[in-house]
Every structure is written in structure tokens, then in C-alpha cells.
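Hi,

Here is the structure I promised to pass on. Have a look at it first, and my notes on it follow below.

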Amino acid sequence: MSILAAAPRLGVELPENTVEFSKPSIEYSLLSPMLIIFGIAIVGVLVEAFVPRERRYMVQSLLAIVGVIAGIVATVLVAMDLEPRGDSAGFGQIAAEGAIAVDGPTVFIWGTLLVLTLTSVLLFAERHLEGGVTAFAGQAAALPGTQAEREASTRGLEHTEVFPLMMFAVGGMMLFPASNDLLTMFVALEILSLPLYLLCGLARRRRLLSQEAALKYFLLGAFSSGFFLYGVALVYGYAGSMQLGEIAEAVSGTIGAEPLLLGGIGLMAVGMLFKVGAAPFHSWTPDVYQGAPTAVTAFMAACTKIAAFGALLRLFYVAFGGARWDWTPMIWIVAILTMAVGCVLALTQSDIKRLLAYSSIAHAGFILTGFVGLHTVTAADSFELSSLQAVLFYLVTYGFMTIGAFAVVTVVRDAGGEATHLSRWAGLGKESPFVAGVFAFFLLGMAGIPLTSGFTGKWAVFTSAWQGGAWPLVVIAALLSAVAAFFYIRVIVLMYFSEPIGEGPTVVMPSVLTTIVIAVGFAATAALGVVPGPVLDLAATAGQFVR
């Protein structure tokens, strides 16, 4: 019996205009992958409070691994139960009172994120490279160089809080591309960003550089969030709704330029493009990638970019699709600028992590090239690739290459820790031919050499953009890909054809955890380069975004 029905019996007089309260309907089964990750994060916080320090590492590591595997299983089950939505090419439904869209692209991105997160957890848990402790600071509150820091290092303390922080970030990454309204999207953006700000400042070595990276990331991230939120306010003022479907209806009825709409699109694009590391909002990327612990850098470079591009696709495809002629020129300019900045500035880098950071920027430009064809390729048959299919496939190939490359960086070391200066990589091919060969393979994949996943990924986005009429952009991207190949091959030449300086580089044998990450990255890069069909078909099967 409802409260309203029981009120007369209790002698309570209700106003005439009283309406009955309806409880919200939450589709827990559809949201189970995301709920599992958030649940693991909360349990991880409780572990920090109640489990003795000496047992936390093992408990947190196993908890994160089991939780992510459970999330992958739940994602597969959700994907199998998705039903066609009307007469459209989309699968799935709108859940959580219209706040979250669980459709084919969402589930595809969830699966990709969780698989890459599983490899990242293994990197976070690596202890062998640092002499029995993780790569994270023993006591983050201690000032660098103080007695407290030395005592924490001597006692072998380590921050196991990184595991629940990582899980909260992953939960935000899963919510971000699934958001069906602007407010939920902003909340997801903050959930994924705040843990990353902390993780970037927790390096055990070079702590000042790590803290500087975290501060830069936090300040610039706060500005970008402000731009995004201001854009949300303008779009709400124009459309009168936060729901992406209702915004799309308002946009489709627009005649002529609308200042509120165009201003909102521009400001929201700033926040999104900051997260994907696109120029001219890329300045944080090299500093943060260099200063953060390499495990965090690998996690951010792969997973954050995938989540951000998923949200960017949904926002511009679902909400602003009717205004594509207004925002397409902006994306053209940003894509060209991003590719140029990433490829040209990478030529001048002397640090391997900064070089990979600019490589990441260039890849964001290549993905935006495929993004430009959006809405023009509306059907994916045996002869065509939709832009959504191409971008999703590229994100998969990029994620595995990137995590594998950064995993290799963690094992090349000197007395000060990781040997990130390029001069320390000279002669690596003679010191450790196997490690140099694996890293060279990842670099060739990033350059887009045939028989690697990088080649098939670029072929997919370039083909979809060409079919969408963006052939000038494809030509520019192809030319800049040749420039990018130069700095990748330069590192290979340095490893194999240069004499080592001094004692030369040292390769530390990692534990099975990092070995698995490198092997998975290598296998995925090779397999997707030779047999890309299954993943391309899976991306095509995901269909379109639902409204």
C-alpha cells in the first residue's frame, strides 16, 4: 500500500494537487559491470581501513584482479542480452531513468577498458623491478628528501591505496562513454579524473617530477572541467534539457546559427579534447606522462583516451549530430593541428616517455581523422566501414600497443631507476636483443607498418574518412604518418646500430606480471595486424548509439 493510499486511514489530509510518488527504476543487471567495479573500489577502501599493512598488497592485488575479471564476465553477459532497439541499427536500451545508455558501443568500450585495466593492474602490482616493493611512494605525505621519506623507504612501505583509486578511475571511465545526459557525463568526468591526479604524484623515484606532473594535470584538468561545465550550461539554456536525445531534437529543429548552441558545443569540445590529448589542449600530456609512475602512464595513455573518445563520439553523434556542419570544420582543424604537433615535436624529444607522449598526441589526431567521417557513412556493409566501427577498432589496437610499449620501458633501467633518456637506450639490441626486438615491434606498430595492428587501425580510420568525403584530411594524415615513422625508426636505429654509452643499458628481469603484460600487448599487436577481421566484425556488430 502506498503512502498516499494509507493517508486517509491515518487521518492525514493531503492537498488536492498531490501526485503519487513513483520510485526510480534501476536496471541493475544492465549496469552490473560498472557496479562491480565501483563495489570493488569501495571494498578496497575498507581493506585499507581494517586489514593489517603487511597483508594489504596481496589482498588489494587479488581483489582488483578478481573484480576486473568479474566485470569482464558481466560485460559479456550484458552484451549477449542486448536486444535491437526499434528499426534502427542500435542494440540496447536507456537505463537508470534516462541517465545511462547501455548499447552496443558502450559494451564494446566497457570490454576493451576492462581487458586493458586487467593488464594495468598487473603493472601496478609489479614488485620485482624495485627490489621487492611497488613503484609507488612509500609515504606520499612525506616531503621528498626528508628523513620521513628515507624511513618509509627503509621500512619498505608502499601505498596500496593505488588499487582502489584505480578502480574508482575505471568506474568513471566506464560511466563516461555510457552517459546519456550532460550532468551524468560531467560527474563521470570528475570521477575518472580525480583519482588520476593523485596517482600521477605517487612515484617512488623522482618524486619532485612526479608531484609537478600531478599539479600540472590537476590545474589544467580543473580548467578543462570548468570549460566543459560552462558548455553544459549553455547547451541546457538552448535545449532546455540535459538528455542527449532531447538535445538532438532541439538541434535538429535549428534554423541558422544559434550562439548558445555553438558556444556550448565549443566549450564542451574543449573539455573533451583535453582528455583525449588533442592540440592545442595537449600541453599537459608530455609532462604528465614523463613524471607519473610508468604504470600509471600506461594506464592513462590507453584507458583514459578510450573512455574520452567514447564520450566524444556519443556526445557529437547523439546530441550534436544535427549540427555537424557547424562543428565539422572545427574537428578538421583540431585533427590537422594534433597530428602536426604530435609528429613534429616528437622529432625533438630526448626522453622515451615524452616521445611516447607525443606519439599518443599524434594518434589522437589519427583517430579524429576517422571521427570526421561520422554521420556520412551510415551503413557498414561488406565493402564499407562506418566511422564508429573504424574508431572503435583503432582504439583497441592503440590500447594494446601503448600498454605493451610502456611495460617495456619499465624494465630498461640504470642506477637511478628507469632509463628514460634516449641516450641510455643506445646499444640495447646488443645488451638484450629480445627486449629491443619487442620494443621495436611496438614502435613499428605505432608507425603503421604492415602486418601490425597499427597498420590495420590506420587503414580503418583512413578508409572511413575517405568514404565520408574527408580525403584531404586523409592525405595530410598519410604524409604526417611518414614523418612519425621517422622518429620511431630513429629509436630502433639507436638500439641496434649505436654503441652504448658507458656501461650501456641494463634490462632487469621482471616478474611474471610484467611479462604477461608485454606478451599480451605483443600478441594483440601481431594478431590484429594479421587477422583484424573478428574485432572489426565485433565493432560492426556493436551497431550504432541508441537515443
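Let me begin with a loop residue: leucine 451 is exposed, because its relative accessible area of 60% is over the 50% cut-off. Leucine 451 sits in the loop that links α17 (433-447) and α18 (453-467). Its phi is near 75°, which is a positive value in a residue that is not a glycine. Keep in mind that this is a predicted model.

Alanine 96 also has a positive phi without being a glycine, at about 55°. This one lies in the loop between β1 and β2. Is alanine 96 buried or exposed? Alanine 96 counts as buried, because its relative accessibility is 14% and the cut-off for buried is under 20%.

The strands around that loop make a hairpin, with four residues between β1 and β2. β1 (residues 92-95) runs antiparallel to β2, and four bridges hold the pair together. One pairing you can look up is glutamine 93, whose bridge partner in β2 is valine 102.

There is one more backbone detail to check if you set up torsions. The peptide bond between alanine 279 and proline 280 is cis, with omega near 5°. Proline 280 is in the loop between α10 (259-276) and α11 (284-291).

Now the other sheet. In which order do its three strands lie? The order is β4-β3-β5, in an open sheet with antiparallel pairing. That puts β4 (417-418) and β5 (506-507) at the edges, each pairing on one side only. Helix α15 (residues 387-411) packs on this sheet and touches β3, β4 and β5, with its direction at about 30° to that of β3. Between β3 (residues 412-414) and β4 there are two bridges, and arginine 413 stands opposite glutamate 418 of β4.

On to the helices, starting with α2. It covers residues 32-50, so 19 residues in all, and spans 26 Å from first C-alpha to last, close to the 27 Å expected at 1.5 Å a residue. Its buried residues include Met34, Ile37, Phe38, Ile40, Ala41 and Val47, as well as Ser32 and Glu48. What do the buried residues of α2 pack against? Their partners are the helices α3 (53-81), α4 (104-125), α6 (162-178) and α7 (182-200), plus the strand β2 (100-103).

Arginine 56, in helix α3, ties in with the end of that story. Arginine 56 counts as buried because its relative accessibility is 16%. Its side chain reaches the backbone oxygen of glutamate 48 at 3.3 Å. Apart from neighbours within four places in sequence, arginine 56 is in contact with Val47, Glu48, Val51 and Thr160.

Last, the nonpolar packing. As background, nonpolar side chains tend to be buried together in soluble globular proteins. The largest nonpolar core here has 179 residues, and those with the most contacts inside it are Val102, Phe124, Leu315, Phe320, Leu368 and Phe439. Helix α12 (residues 294-319) gives the most to this core, with 20 residues. If you want one residue to zoom in on, try phenylalanine 439: leaving out residues up to four places away in sequence, it touches Ile352, Ala405, Val408, Val409, Trp425, Val491 and Met495.

Cheers

How values were computed
Residues numbered from 1 in each chain as written. Predicted model: local features only at pLDDT ≥ 70, side-chain atom pairs only at ≥ 80, totals over all residues. Heavy atoms only, no water. Buried < 20%, exposed > 50% of the residue type's maximum accessible area, 1.4 Å probe, protein only. Contact = heavy atoms within 4.5 Å. Pairing = 2+ DSSP bridges. Axes fitted to C-alpha atoms, helices over the stretch in contact; angles between N-to-C directions. Core = buried A, V, L, I, M, F, W, Y, C linked by side-chain atoms within 4.5 Å. Polar contact = N/O pair within 3.5 Å; in protein donor to acceptor, adjacent residues only side chain to side chain.
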